[in-house]
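Please open the model in your viewer and keep the selection tool at hand. The tour below goes from one selection to the next and says what is there at each stop.

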Amino acid sequence: MTATARFTGDANPYGGGDPYADYRTADFPFTDLVDLADRRLGAGVIAANDEFFAERENLLKPEPAEFDPERFGHKGKIMDGWETRRRRGASADRPHPTDEDHDWALVRLGAPGVVRGIIVDTAHFRGNYPQAVSVEAACVPGSPSPGALLAPGVKWTTLVRRTAVGGHAANGFVVAAEQRVTHLRVNQHPDGGIARLRVYGEVAPDPAWLAALGTFDLVALENGGMVEDASDRFYSPATNTIQPGRSRKMDDGWETRRRRDKGNDWIRYRLVEQAEIRAVEIDTAYLKGNSAGWASLSACDGESGEWTEVLPRTPLQPDTNHRFVLPEAVRATHIRIDIFPDGGISRLRLFGSPTQEGATRLAARHRELGG
């Protein structure tokens, strides 16, 4: 297991100025992967045993937590996170909570997947964060209610054992469990507040659902596509290009810094499995003065296969969705888009269906992960 930074103990009380000036964080080895708990994928916090001070839904907000030192409400300090009331013991003789007492929240992942890393972010919770956290995972088909998830017989697997955490810090955990996950139970011991939850991993789609669709977007995050590498991530992550839906603002796509050489920028993707691509969309929505000037597509079948151009260098218009029907189906496992010379695109969509070989491997992987 890869070692990650550990933070424990209180942060200093807020003394004014930039509230993130003394925030404790580190470079974690999994943050280039997709956030399976992204609201854009459909994730949600569907239940919590307590949210007295701050709502559970704040956990999955995409932006960093904010802090307003003067914002108070009828229940006390209003925090941008999930915060429970202070736990108490059973009586005056036993005023403290027991070791087993804890608060919990149920999280539905936006896309089922294999979790590789988790960040429990306690930003701005300096003296009111949990003493420790733990995270459990389950794989339950359909759209179960909170009651169904908490019912006896549901198998929960520990992804993060009970571990001490620090206040005002990004508490990161590498996860080694090789299993498909649909829901998480996030526990804080015994109580306190968590600002944000990030769940990084790889999407593991249901092959029966994809087979029923027939033709679908082979590179979409929700269907199991992923970004393997990109030349530049200066302004925004390349993963944005395979998020669901159309971009709604400029930073919801992929934009590179301005090139001052004669090169070009690119993204390399891995499809959900070997497939035949029949149609392509390259969208530059909201990229107006900074969209790519031209784009080309190349395909590769297998890790060691040769790259072949399937869409020649083609001019792109700003803030426009470009559609291309390929002359013949292209068999591939990987796609690379090259943009010239720089700029950005908001979305790439590759429509087709898995080959028989790809569908067989997808079904085998689904069984292997316990789906």
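Start by selecting D38, which is buried, with a relative accessible area of 9%, where buried stands for under 20% relative accessible area, exposed for over 50% and partly exposed for what lies in between (1.4 Å probe, protein chains only). Before going further, note that this is a predicted model, in which local features need pLDDT of at least 70 and side-chain atom pairs count only at pLDDT 80 or more, while totals for chains, interfaces and linings use all residues. Residues are numbered from 1 along each chain as its sequence is written, and side-chain values use heavy atoms, with hydrogens and water left out.

**Salt bridges**

Add R40 to the selection: its side chain meets that of D38 in a salt bridge, at 3.0 Å from N to O, and R40 counts as partly exposed at 31% relative accessibility. A salt bridge here is a side-chain nitrogen of Lys or Arg within 4 Å of a carboxyl oxygen of Asp or Glu, and the count by this rule comes to 28.

Next, select K249 and D251, a salt bridge whose closest N and O atoms are 3.9 Å apart; D251 is partly exposed, at 47% relative accessibility.

Then move to helix 3 (residues 356–368), where R365 and E368 are 3 residues apart and therefore separated by about one helical turn; helices (H or I, at least four residues) and strands (E, at least two) are DSSP runs, numbered from the N terminus. R365 and E368 form a salt bridge with their closest N and O atoms 3.0 Å apart, and whereas R365 is partly exposed at 29%, E368 is exposed at 56%. Add R116, E178 and E202 to the selection, and you have the network that R365 and E368 belong to, joined by salt bridges that share partners.

**The nonpolar cores**

Now select I118, Y269, I282, I337 and L348, which touch the most other members among the 81 residues of the largest nonpolar core. Such a core is a set of buried Ala, Val, Leu, Ile, Met, Phe, Trp, Tyr and Cys residues joined through side-chain atoms within 4.5 Å. Centre the view on I337 and, leaving aside its neighbours within four places in sequence, look for its contacts (heavy atoms within 4.5 Å), among them D265, W266, I267, A295, S296, L297 and I345. Apart from the largest core lies another, of 7 residues, including A47, A138, V140 and L149.

**The largest pocket**

Return to R40 and add P62, R198, Y200 and P237: of the 37 residues that line the largest pocket, these five are the closest to its centre. The space in this pocket is about 1,100 Å³. On a 1 Å grid over the protein atoms alone, a pocket is an open set of points where a 1.4 Å probe fits, with protein on both sides within 12 Å along at least five of seven lines, and lining residues have an atom within 4 Å of a point; a volume is the space filled by probe spheres set on the points, which are joined across faces, edges and corners. Strand 12 gives the most to this lining, with 3 residues.

**The second largest pocket**

Finally, select G110, A111, P112, R180 and W209, which lie nearest the centre of the second largest pocket, out of 36 lining residues. This pocket has a volume of about 720 Å³, and strand 6 supplies the largest share of its lining, 5 residues.
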